[in-house]
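Tutor: Have the sequence and the model open side by side. We will take rings, charges, backbone and pocket in turn.

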Amino acid sequence: MRGPCRLALLALALAVAAAAAGGHDFRRDFDVVWGEGNARFLDGGRQVELSLDERTGARLQSKERPLRPRYQARPRRVRRDHHLLICSGGARHDEVDFEFLGNASGEPYLLHTNIFSGGEGGREQQFALWFDPTADFHTYSILWNPHNIILYIDGAPIRVFRDNAARGVPFPARQPAHVFASIWDAEEWATQGGRVKTDWASAPFVAAYRRYNVSTATACVWDERDGRARCPAAVGGGREASWMAQRMDWWSWMTLSWVRMNYMVYDYCDDRRRFPHGAPPECVIPIGRS
């Protein structure tokens, strides 16, 4: 990887019933909504590569829209960066995302996360990854249920956003969303704040995905005809399906604290320039409490 690292953001707007019966098939469960020539399906649709060149990038959009899903995918950046995101769309959209920001060669890749509710975001947290995301596939997961949104890497929680609506913190809960996977040029802001520009001589820049999982067993899927969500059957005499009731346990809180202590490089709650008169209300609530 010679020279400055080129930015390629992958937006996975989380909300699709992707792992339907018959296994993982990007070609079956997603539409290419732009840059069709830059999307390549491999291994019978079980893997997809999206590329960015000087002309265009590419975007996939899921055909179904889950509500409060549990989602995971195994992306790998081939030579450059990408971004995973959940988004409902519209002016008052809900969104949860992973973004892998460009950087200079030899420096750690930055993982940028954000959460929007009702169109309001600005809840950025960034982490210096403890591995090279271009070297192999890793599992990036988002659990979104009525109690909390939890972001994981390889099963380790790195961020939690709890339902604190009773304390005046909007929580995304009611909007179904598509899953998007996309790659585009965002050098104006994403590569060291826009300081590192695109080295088009190194194009195309490629992001690969495989083994995604959003299914009717792990998501409430929005039915366009009925205008309501189809949710997994309750288990154990009427109790919620296990993922719908899942919260952070002791091990999860310990792991999250370790990640924050060792790898977090930015937290909007600590940004006094942005919030000179006090942090947003969710920042005042102790992290382990709702």
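**Rings, charges, backbone, pocket**

Tutor: Start with the aromatics: ring pairs link W130, F131, W258 and Y263 into a cluster. This is a predicted model: local features need pLDDT of at least 70, side-chain atom pairs count only at pLDDT 80 or more, and totals for chains, interfaces and linings use all residues. Residues are numbered from 1 along each chain as its sequence is written, and side-chain values use heavy atoms, with hydrogens and water left out.

Student: How many aromatic pairs does the rule give?

Tutor: The rule takes rings of Phe, Tyr and Trp (its six-membered ring) and pairs them if their centres lie within 6.5 Å; planes under 30 degrees apart are stacked, over 60 edge-to-face, and the rest tilted. Applied here, the count of aromatic pairs is eight.

Student: Is the F26 and F30 pair stacked, edge-to-face or tilted?

Tutor: Their ring centres are 5.5 Å apart. The angle between the planes is 35°. That makes the pair tilted.

Student: Are those two residues buried or exposed?

Tutor: Use relative accessible area: under 20% is buried, over 50% exposed, partly exposed in between (1.4 Å probe, protein chains only). F26 comes to 3%. F30 has 3% too, so both count as buried.

Student: What about W130 and F131: what kind of pair do they form?

Tutor: The ring centres lie 5.6 Å apart. The planes stand at 80°. So the pair is edge-to-face.

Student: Which of W130 and F131 is partly exposed?

Tutor: F131 has 15% relative accessibility, so F131 is buried. W130 has 32%, which falls in the partly exposed class. The residue you want is W130.

Student: Now the charges. How many salt bridges are there?

Tutor: Side chains of opposite charge can pair when their charged atoms come close. The rule asks for a side-chain nitrogen of Lys or Arg within 4 Å of a carboxyl oxygen of Asp or Glu. Salt bridges by that rule: six.

Student: Which residue of the R28 and D29 salt bridge is buried?

Tutor: The two side chains meet at 2.9 Å, N to O. R28 has a relative accessible area of 30%, so R28 is partly exposed. At 9%, the buried one is D29.

Student: R260 also forms a salt bridge. What is its partner?

Tutor: R260 is partly exposed at 28% relative accessibility. The partner is buried, at 7%. Nitrogen and oxygen are 3.5 Å apart, and that partner is D267.

Student: Which residue forms a salt bridge with D43?

Tutor: The closest N and O atoms are 3.0 Å apart. The partner is partly exposed, with a relative accessible area of 43%. It is R46.

Student: D43 lies in a loop. Which strands flank that loop?

Tutor: Strands (E, at least two residues) and helices (H or I, at least four) are DSSP runs, numbered from the N terminus. The flanking strands form a hairpin with four residues between them. The strands are β2 and β3.

Student: How many bridges join β2 to β3?

Tutor: Strands pair if DSSP finds at least two bridges between them. β2 (residues 39-42) and β3 (residues 47-52) run antiparallel. F41 stands opposite V48 in β3. The bridges joining the strands number four.

Student: What is the phi of D154?

Tutor: Most residues other than glycine have a negative phi, and most peptide bonds are trans. D154 sits in the loop between β12 (148-153) and β13. Its phi is positive, near 50°.

Student: Which peptide bond is cis?

Tutor: Look in the loop between β14 (178-183) and β15 (205-213), where P204 is found. Omega is near 5°. The cis bond runs from A203 to P204.

Student: Last, the largest pocket. What is its volume?

Tutor: The search uses a 1 Å grid over the protein atoms alone: a 1.4 Å probe fits but cannot get out of a cavity, while a pocket is an open set with protein on both sides within 12 Å along at least five of seven lines, and lining residues have an atom within 4 Å of a point. Points are joined across faces, edges and corners, and volume is the space filled by probe spheres set on them. For the largest pocket that gives about 350 Å³.

Student: Which residues are closest to its centre?

Tutor: The lining of the largest pocket holds 20 residues. The closest to its centre are Q125, V160, E282, I285 and I287.

Student: Which element supplies the largest share of the lining?

Tutor: β13 (156-162), α3 (250-263) and α4 (281-284) each supply at least two residues. The largest share is five residues, from β13.
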